[in-house]
Amino acid sequence: MDVHDEVLDLIGAWALDACDPDEAARVDAHLSGCATCAAEARRLRSAASWLAADRVIPAPPALRHRVLATARAARPPALLRTLVGAYAGQAALLDRLLGAVRQDDWGRPDPRHETVGGVVAHLAGNDAMLAADLGLPVVPLPAGAGVDVHAAWREQSRVIVDGLAARDGELDRRVRLAHTGPPPLRPLREALVQRAFETWIHLDDIGAAVGRGATTPPPEQVRRIVDLAAELLPGAITGGDEGAEVGTVRLVLEGTGGGEWTLPCGPGDHTTIYADAVEFTRLVANRRGPDSLVHSTTGSPAVSTRVLHVAATLGCD
């Protein structure tokens with residue numbers, strides 16, 4: 001199912017404010033570029049407003065939560081659809097941004113990939129690596145930069161989204177994660193979290209280059225990024241030395257997508273790091289330096305420093 005068809009399935013729930021944040025973000029992103037769906041959205045929103053106009057009775061605050069919990073218990077959302085949807089949502093936002101940049105914006109500088117065009121080519125390359133591992137078509141990347149690179153990246157993204165439509169049983173399949181060093185083999189579910197993560201980060205990289213503001217992913221996506229970091233950090237911190245004196249590290253992250261994560265990092269005392277969740281994901285992406293991340297620590301300051309410095313190496317740049 002492509003993004004257009006998926007949005008058509010969701011648009012009725014969206015008109016009734018019954019989508020979860022990931023779904024609502026995907027619908028919002030698609031509506032800005034699809035006149036057909038935008039017209040349908042206006043029609044359904046108008047009908048929803050008319051139905052409620054006669055006698056508005058405020059719903060109890062917990063009603064939406066109870067209704068959604070009951071519905072999801074009856075038909076739990078498939079994890080694959082959730083992960084692919086998060087990636088497709090970020091890709092739709094980036095596609096919209098790239099569609100609005102001027103020709104001379106493609107040459108604007110980027111500190112990691114030289115230009116805006118270089119960022120898109122880098123992203124397309126990492127998407128192509130996942131496509132190859134899944135046996136999906138790999139879209140050739142044209143020489144140069146600009147609209148042709150944009151089109152190739154967009155097509156590669158579409159191939160991944162459409163190609164994963166019926167692969168629920170493959171979430172544990174081992175594929176390569178994008179990495180600055182040799183790409184590690186990890187489960188597909190982690191690779192999909194990383195694709196959404198990297199697409200969001202480069203959306204903000206390009207936005208900064210062309211004078212747009214930063215964005216924040218939905219809370220569920222932030223939590224999945226921290227989940228992935230928490231999965232990778234213990235091995236990266238100890239470097240395979242299970243006797244390393246690091247101890248148990250607890251991440252207490254506040255704000256959008258916040259929560260608590262416990263990292264078993266070998267023998268030693270307990271250390272707790274407090275920070276903002278979205279800023280922590282930017283640290284993992286190496287868009288924040290360990291020394292500039294606002295945080296506090298109880299336990300060992302040395303362990304805290306080590307954890308934050310290692311976290312900043314986990315991204316794929």
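Is E114 buried or exposed? E114 is exposed, because its relative accessible area is 66% and the threshold for that class is over 50%. The model is predicted. The protein comprises eleven helices and eight strands. Of its 317 residues, 45% are buried. Among contacts with a separation of 6 or more, 63% join residues 24 or more positions apart.

**The four-stranded sheet**

- One sheet is open and has four strands in the order β6-β5-β7-β8, with mixed pairing.
- The edges are β6 (259–265) and β8 (295–298); each has a single partner strand, so one side of each has no neighbour in the sheet.
- Neighbouring strands in this sheet are turned against each other by 20° on average, direction ignored.
- β5 and β6 are antiparallel and share seven bridges.
- These two strands, β5 and β6, make a hairpin with four residues between them. In the turn, G255 has a positive phi of about 85°.
- V249 has L263 in β6 as its bridge partner.
- Strand β7 (residues 270–276) runs antiparallel to β8, and four bridges join the two.
- Across from I273 stands T297 in β8.

**Helices against the sheet**

- Helix α9 (residues 219–238) lies across β5 (247–254) and β6, at about 20° to β6.
- Helix α10 (residues 277–284) lies across β5 and β7, at about 105° to β7.
- The angle of α10 to β7 is about 105°, which means roughly perpendicular, the class that covers 65 to 115 degrees.
- V226 is part of helix α9 and is buried, with a relative accessible area of 0%.
- Beyond its neighbours within four places in sequence, V226 is in contact with L253, W261, F280 and T281.
- V226 and V193 are separated by 33 residues in sequence and by 10.0 Å in space, C-alpha to C-alpha.

**Nonpolar cores**

- The largest nonpolar core holds 56 residues. The members that touch the most others are L130, L192, L233, V249, L253 and F280.
- A second core, separate from that one, has 16 residues, including L97, W106, V120 and W153.
- In soluble globular proteins, nonpolar side chains tend to be buried together.
- With residues up to four places away in sequence left out, V249 touches W261, T262, L263, C265, T271, I273, V303 and V307.
- V307 is located in helix α11 (residues 301–311) and counts as buried, at 0% relative accessibility.
- The contacts of V307, again not counting residues up to four places away in sequence, are L233, I237, V249 and I273.
- V307 and V249 are 58 residues apart in sequence, yet their C-alpha atoms are 8.4 Å apart in space.

**Packing of α5 and α8**

- Two packed helices are described by the angle between their axes and the distance between the axes.
- Helix α5 (residues 79–100) packs on helix α8 (residues 188–209) at an angle of about 20°, and the axes are 9 Å apart.
- The two helices, α5 and α8, are therefore roughly parallel to each other, since angles under 35 degrees fall in that class.
- The crossing of α5 and α8 is left-handed.
- On the α5 side, the residues that meet α8 are L80, L83, V84, A86, Y87, Q90, A91, L93, L94, L97 and L98.
- On the α8 side, the residues are R189, L192, V193, R195, A196, T199, W200, L203, I206 and G207.
- L97, listed in this interface, is also a member of the second core, whereas L192 is one of the residues named for the largest core.

**Positive phi outside glycine**

- E114 has a positive phi of about 70° although it is not a glycine. This residue, E114, lies in strand β2 (residues 114–115).
- N286 is not a glycine either, and its phi is positive at about 65°.
- N286 sits in the loop between α10 and β8.
- N286 is partly exposed, because its relative accessible area of 32% falls between the 20% and 50% limits.

Technical notes
Residues are numbered from 1 along each chain as its sequence is written. This is a predicted model: local features need pLDDT of at least 70, side-chain atom pairs count only at pLDDT 80 or more; totals for chains, interfaces and linings use all residues. Side-chain values use heavy atoms; hydrogens and water are left out. Two strands pair if DSSP finds at least two bridges between them. Axes are lines fitted to C-alpha atoms, for helices over the stretch in contact, and angles run from 0 to 180 degrees between N-to-C directions. Contact means heavy atoms within 4.5 Å. Buried means under 20% relative accessible area, exposed over 50%, partly exposed in between (1.4 Å probe, protein chains only). A nonpolar core is a set of buried Ala, Val, Leu, Ile, Met, Phe, Trp, Tyr and Cys residues joined through side-chain atoms within 4.5 Å. Angles under 35 degrees count as roughly parallel, over 145 as roughly antiparallel, 65 to 115 as roughly perpendicular and the rest as oblique. A crossing is left-handed if the near helix is turned anticlockwise from the far one by less than a right angle, and right-handed if clockwise.
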